[in-house]
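Got the viewer open and a selection box ready? Let's take a walk through this one, a stop at a time.

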Amino acid sequence: MKRRSAALWALGLMMAAAPVAAEQVHGAHEHGVAELRVAIDGGAIELEFASPLDSLVGFEHAPRTAAQRKAFTAAEAVLRDPAQVFAVPAGAGCEPKDVTLASPWSQRAADGRAPEPGAADDGDPGHAELVARYRLECARPAALDVLQIRLFPAFPRLREIRAERVSPRGQAATRLTPRQASLAL
Ligand SMILES: [Zn+2]
């Protein structure tokens, strides 16, 4: 792995280990705005998507009601399916190899268990984020020239994604919106 992308993913590992601290790592936690990091390294493309949970499900506490659990499960189902999150050129011959989601309540939402004793108070007004990471391996990475983000229709509260990419063409940053959801690679 090249040094630049190694540093990028070291940041991602920190976030995965301590998702509640993600806002400190990122600085801003702005509802409606998510962040995306994309790195192309040889034949692999890695994406890290970090969003306030408010932008995805409309709340940032442990799911309490059936409707909230359903919203959480539905959001995670979208994010676990790379085809619903983004598209890359078919000519690149990419196959998803790894998907991971991290958020403070993923497990509880999945199995419906009550919060554990001593867990954070449900009334805690603090913020929370979800981080999704994807790794694809591509037979023809030279064909990776654009990434199309498909998340906006599924998450209407999400109005902007601040995207950064590191690729053989260099580093760049772009703001993606529902009207302009393509990232040049
Ligand atoms: Zn928040």
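Select His 31 to begin: its relative accessibility is 30%, so it counts as partly exposed, falling between the 20% and 50% cut-offs. Now add His 29, which at 15% relative accessibility counts as buried because the limit is 20%. Keep in mind that you're looking at a predicted model.

Both histidines belong to the zinc site, so show the ion and its protein donors, a choice that rests on N, O and S atoms within 2.8 Å of the metal. You'll pick up NE2 of His 29, NE2 of His 31, two OE entries from Glu 60 and ND1 of His 127, at 1.9 to 2.7 Å from the zinc ion. Along the chain, these donors follow the spacing H-x1-H-x28-E-x66-H.

Next, select residues 33-41, which make up strand S1. Are its residues buried or exposed? Nine of the nine are buried, leaving the strand mostly covered. Try colouring the side chains by direction: Val 33, Glu 35, Arg 37, Ala 39 and Asp 41 point one way, while Ala 34, Leu 36, Val 38 and Ile 40 point the other. That fits the usual pattern, since side chains in a regular strand alternate between the two faces of the sheet.

Which strands pair with S1? Show residues 160-167 to see strand S7, which pairs with S1 in the parallel sense over seven bridges. To find your way in, pick Glu 35 and look for its bridge partner in S7, Arg 162. Then show residues 44-52, strand S2, which pairs with S1 over seven bridges in the antiparallel sense. Here Asp 41 has Ala 44 as its bridge partner. S1 and S2 form a hairpin with two residues between them, and Gly 42 in that turn has a positive phi of about 60°.

Move on to helix H4, residues 66-80. Its 15 residues reach 21 Å from first C-alpha to last, close to the 21 Å expected at 1.5 Å a residue. Select Gln 68, Phe 72, Ala 75, Glu 76, Val 78 and Leu 79, the buried residues of H4. Look down the helix axis and you'll see them within an arc of 160°, so they line one face of H4. Swing round to the other side for Ala 66, Ala 67 and Lys 70, which are exposed.

Time for the interior. The largest nonpolar core has 41 residues, and Leu 36, Phe 49, Leu 79 and Ile 149 have the most contacts inside it. Among the elements giving it two or more residues are S1, S2, H4 and S7, but strand S5 gives the most, with five.

Centre on Phe 49 and show what surrounds it: beyond its sequence neighbours up to four places away, it touches residues including Ala 34, Leu 36, Leu 79, Leu 130 and Ile 161.

For the last pick, jump to Leu 130 in strand S5. With a relative accessible area of 1%, Leu 130 is buried. Its C-alpha is 5.7 Å from that of Ala 102, although the two residues are 28 apart along the chain. Leaving aside neighbours within four places in sequence, Leu 130 also contacts Phe 49, Leu 56, Glu 76 and Leu 79, among others.

Zoom out to finish. The protein chain has six helices and nine strands, and 45% of its 185 residues are buried. Of the contacts with a separation of 6 or more, 71% join residues 24 or more positions apart.

Notes: Residues are numbered from 1 along each chain as its sequence is written. This is a predicted model: local features need pLDDT of at least 70, side-chain atom pairs count only at pLDDT 80 or more; totals for chains, interfaces and linings use all residues. Side-chain values use heavy atoms; hydrogens and water are left out. Buried means under 20% relative accessible area, exposed over 50%, partly exposed in between (1.4 Å probe, protein chains only). Helices (H or I, at least four residues) and strands (E, at least two) are DSSP runs, numbered from the N terminus. Two strands pair if DSSP finds at least two bridges between them. The expected span of a helix is 1.5 Å times one less than its number of residues. The arc is that of the directions from the helix axis to the C-beta atoms. Donors are N, O and S atoms within 2.8 Å of the metal (3.2 Å for Na, K and Ca); water is not among the atoms, so sites may look incomplete. A nonpolar core is a set of buried Ala, Val, Leu, Ile, Met, Phe, Trp, Tyr and Cys residues joined through side-chain atoms within 4.5 Å. Contact means heavy atoms within 4.5 Å.
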